[in-house]
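Dear colleague,

Here is the structure I promised to pass on to you. Please open it beside this message, and then read on for what was found in it.

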Amino acid sequence: MELVHGGDWAGYRAEFGRDALDFSANVSPLGLPAGVAAAITAALPMADRYPDPLCRALRTKLAAAEGVDTAQILCGNGAADLIYRLALALRPRRALLPAPTFAEYAAALETVDCDVQRFLLREENDFAVTDGFVDAIDDSTDAVFLCQPNNPTGQVTPLVMVQKLLRRCADCGAVLVVDECFLDFLAAREALTAKTALRDAPNLIILKAFTKLYAMAGVRLGYALCSDAALLDKMRAAGQPWAVSGLAQAAGLAALEETAYADSVRTLIADQRPRLAAGLRALGLRVVDGQANYLLFRASADFGAKLRRHGAVVRGCGNYPGLDETWYRTAVRTQKENEQLLKIMREVLA
């Protein structure tokens with residue numbers, strides 16, 4: 001079975017009998033925060049109880065951290081769970097996505113027989129979202145998805161463009177879904193978030209997760225922000241009642257205290273992203289100037305397979321609509337790991 005996403009460490013181990021230098025998953029390179037690990041351990045004696053299905057303590061703490069009302073938050077089993085719940089709650093007839101973008105939007109929409117329309121982003125613009133994407137929204141559009149910054153391009157959409165999208169969606173009766181799961185890696189996150197429009201825009205849904213910034217991919221914890229209480233209720237009812245385990249709720253509460261850890265991750269990524277980009281370009285590779293904790297680059301179609309045999313894994317992007325087998329995405333990790341990856345790449349290209 002071929003998996004859609006990166007991070008398939010188990011598949012690599014089964015094939016090669018060892019672990020790879022894995023740059024295919026875009027999570028914090030600093031590992032699980034110590035406070036989060038301690039909180040999960042401390043919560044183990046409560047594992048015989050059903051978790052709070054409303055995540056009351058977690059939502060209260062999230063509301064304070066995000067500056068929103070508790071009633072505007074729905075927690076889920078990672079952002080992917082919430083994307084599927086949203087598709088089931090909305091059941092849109094037609095949705096608009098930029099291409100390339102995160103694969104799970106289309107996968108979820110197709111489970112409800114939605115007609116997925118893709119607006120191709122142009123390589124000559126470094127795959128930036130432009131006014132053409134706004135203009136593609138019409139009265140037949142029920143939902144629009146925007147990844148901010150976009151995955152796998154790392155491109156940030158300026159807030160003024162997000163506001164244009166929101167107004168256009170409101171005029172056409174469409175819901176705008178802004179996925180901000182990677183936004184918290186950026187120093188300018190507060191200037192770019194769509195949260196400022198949340199209260200006055202019931203057609204806006206923001207997706208966030210603990211997965212990436214806090215290296216909690218295996219814990220599974222995400223949340224949606226929306227001022228439409230009826231829509232959040234529909235999303236809640238669209239899945240099983242205990243979507244977030246007690247251990248995950250304890251982990252989320254602890255992660256919100258890890259402000260120094262989060263700052264360290266941001267500092268590391270801001271320092272290492274341009275260094276890794278320069279290293280890739282020095283190897284003769286085409287690199288897109290993204291702002292996230294990952295970089296989109298171009299190499300030969302067989303580059304990923306060769307790299308894999310040499311013990312390193314990046315994310316092949318040939319299954320992203322709008323890209324082909326010559327595009328790859330690499331995470332930005334620690335300086336030591338980045339240098340190790342570049343060394344292996346140099347050997348492969350030689």
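**Pockets, cavities and the sheet**

The second largest pocket has a volume of about 350 Å³; please keep in mind, here and below, that the model is predicted. The lining of this second largest pocket is made up of 21 residues, and those that lie nearest its centre are E66, D184, Y214, L256 and R266. Several elements contribute to the pocket, since α3 (56-66), α8 (189-192), β7 and α11 (259-282) each supply at least two residues of the lining, and the largest share, four residues, comes from α11. By class, the lining of the second largest pocket divides into ten nonpolar, one polar and ten charged residues.

Besides the pocket, there are enclosed spaces to look for. Rolling a probe the size of a water molecule over the atoms shows where empty space is left. The structure holds two cavities of 30 Å³ or more, and the largest cavity has a volume of about 60 Å³. If you wish to find the largest cavity on your screen, select L159, V162, Q163, L166, A194, T196, A197 and L204, which line it. Helix α7 (159-172) gives the largest share of this lining, four residues, and the classes in the lining of the largest cavity are six nonpolar, two polar and no charged residues.

The second largest cavity holds about 40 Å³ of space, and its lining consists of E180, L183, D184, R189, E190, T193, K195 and K208. In the lining of the second largest cavity, six residues are charged, one is nonpolar and one is polar. You may notice that D184 appears in this lining and also among the residues nearest the centre of the second largest pocket.

Next comes the sheet. Seven strands form an open sheet with mixed pairing, and their order is β2-β8-β7-β6-β5-β3-β4. Strands β2 (73-76) and β4 (115-120) stand at the edges with a single partner strand each, so one side of each is left without a neighbour in the sheet. On average, and with direction ignored, neighbouring strands of this sheet are turned by 20 degrees against each other.

Within the sheet, strand β7 (residues 204-209) pairs with strand β8 (residues 222-225) in the antiparallel sense, over four bridges, and A209 has G222 in β8 as its bridge partner. Helix α9 (residues 229-237) packs on the sheet, where it touches β2, β7 and β8, and the direction of α9 makes about 15 degrees with that of β2. Helix α5 (residues 103-110) also packs on the sheet, touching β3 (94-99), β4, β5 (143-147) and β6 (175-179), and the direction of α5 makes about 155 degrees with that of β4.

Finally, I would ask you to look at one single residue, T157, which has its place in the loop between β5 and α7. Is T157 buried or exposed? Its relative accessibility is 2%, and residues under 20% count as buried, so T157 counts as buried. Leaving aside residues up to four places away in sequence, T157 touches V129, L146, Q148, V162 and L192, and V162 is also one of the residues that line the largest cavity. From C-alpha to C-alpha, T157 and Q240 are 34 Å apart in space, and in sequence they are 83 residues apart.

With best wishes

Methods: Residues numbered from 1 in each chain as written. Predicted model: local features only at pLDDT ≥ 70, side-chain atom pairs only at ≥ 80, totals over all residues. Heavy atoms only, no water. Pairing = 2+ DSSP bridges. Axes fitted to C-alpha atoms, helices over the stretch in contact; angles between N-to-C directions. Contact = heavy atoms within 4.5 Å. 1 Å grid on protein atoms, 1.4 Å probe; cavity = no way out; pocket = protein on both sides within 12 Å on 5 of 7 lines; lining within 4 Å. Points joined across faces, edges and corners; volume = space filled by probe spheres on them. Nonpolar A, V, L, I, M, F, W, Y, C, P; charged D, E, K, R; others polar. Buried < 20%, exposed > 50% of the residue type's maximum accessible area, 1.4 Å probe, protein only.
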